[in-house]
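Trainee: Could you walk me through how one reads the overall fold of a chain and then a patch on its surface?

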Amino acid sequence: MTQTKILNVPTHAHTEMLDITDKVRTAVEESGCKSGIAVVFVPHTTAAVTINENADPDVVHDFTGALAKIVPWQDGYRHMEGNSAAHLKASMMGFSETVLIENGKLLLGTWQGIYLCEYDGPRPRKLYVKVLEG
């Protein structure tokens, strides 16, 4: 059994990390999958998906701050839209994550959450959650 769920997630800031763990968890529960994998994919070039700590909000603050230092918004980029930094950050972070499913539950660590990373917002974003049983 495979099932794809589309998640529509609006972002609210130029740069932010939104915890989408509950949305992915709901997609898995609705699929009825008991054992398999969930692939979370974002079909945008200026947004990404990652797994990181979701217990302390300062982790997100530190994470976005560190990326801003590594890839500054203005740095002589040539891309005419002016959002090269967003493209670079998204590629660095990646466009998908795969999470194991066992007993109908995501096998995330105690402190792990799944995040949509916005680097050129605010925008309406779409994510695909593909649940594969097996």
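Mentor: We shall go from the fold as a whole to a single surface patch, keeping in mind that this is a predicted model.

Trainee: How many helices and strands does the chain have, and what pattern does the chain follow along the sequence?

Mentor: The chain has 3 helices and 8 strands, and, read from start to end of the sequence, they follow the pattern β-β-α-β-β-α-α-β-β-β-β. The radius of gyration is 15 Å, close to the 14 Å that the globule rule gives for 134 residues, so the chain is as compact as a globular protein of that length. Taken along the principal axes, the C-alpha atoms fill a box of roughly 50 × 30 × 20 Å.

Trainee: What share of the residues counts as buried, and what share of the contacts joins residues at least 24 apart?

Mentor: Burial is judged by relative accessible area, with under 20% as the cut-off, and 40% of the 134 residues count as buried. Among contacts between residues at least 6 apart in sequence, 84% join residues at least 24 apart.

Trainee: Turning to the surface, which residues form a nonpolar patch?

Mentor: The accessible surface of the chain comes to about 7,300 Å², of which 53% belongs to carbon and sulfur atoms. On this surface Ile-70, Leu-88 and Met-92 form a nonpolar patch, with about 290 Å² of accessible area together.

Trainee: Where is Met-92 placed, and why is Met-92 called partly exposed?

Mentor: Met-92 lies in helix H3, which spans residues 84–93. Met-92 is called partly exposed because its relative accessible area is 46%, and that class lies between the buried limit of 20% and the exposed limit of 50%.

Terms used
Residues numbered from 1 in each chain as written. Predicted model: local features only at pLDDT ≥ 70, side-chain atom pairs only at ≥ 80, totals over all residues. Heavy atoms only, no water. Patch = residues over 30% accessible without salt bridge, like charges linked within 9 Å, V, L, I, M, F, W, Y side chains within 5 Å. Areas by Shrake-Rupley, 256 points an atom, 1.4 Å probe, with all protein chains shown as cover. Salt bridge = Lys/Arg side-chain N within 4 Å of Asp/Glu carboxyl O. Helix = DSSP H or I, 4+ residues; strand = E, 2+ residues; numbered from the N terminus. Buried < 20%, exposed > 50% of the residue type's maximum accessible area, 1.4 Å probe, protein only. Rg over C-alpha atoms; globule rule 2.2 N^0.38 Å. Contact = heavy atoms within 4.5 Å.
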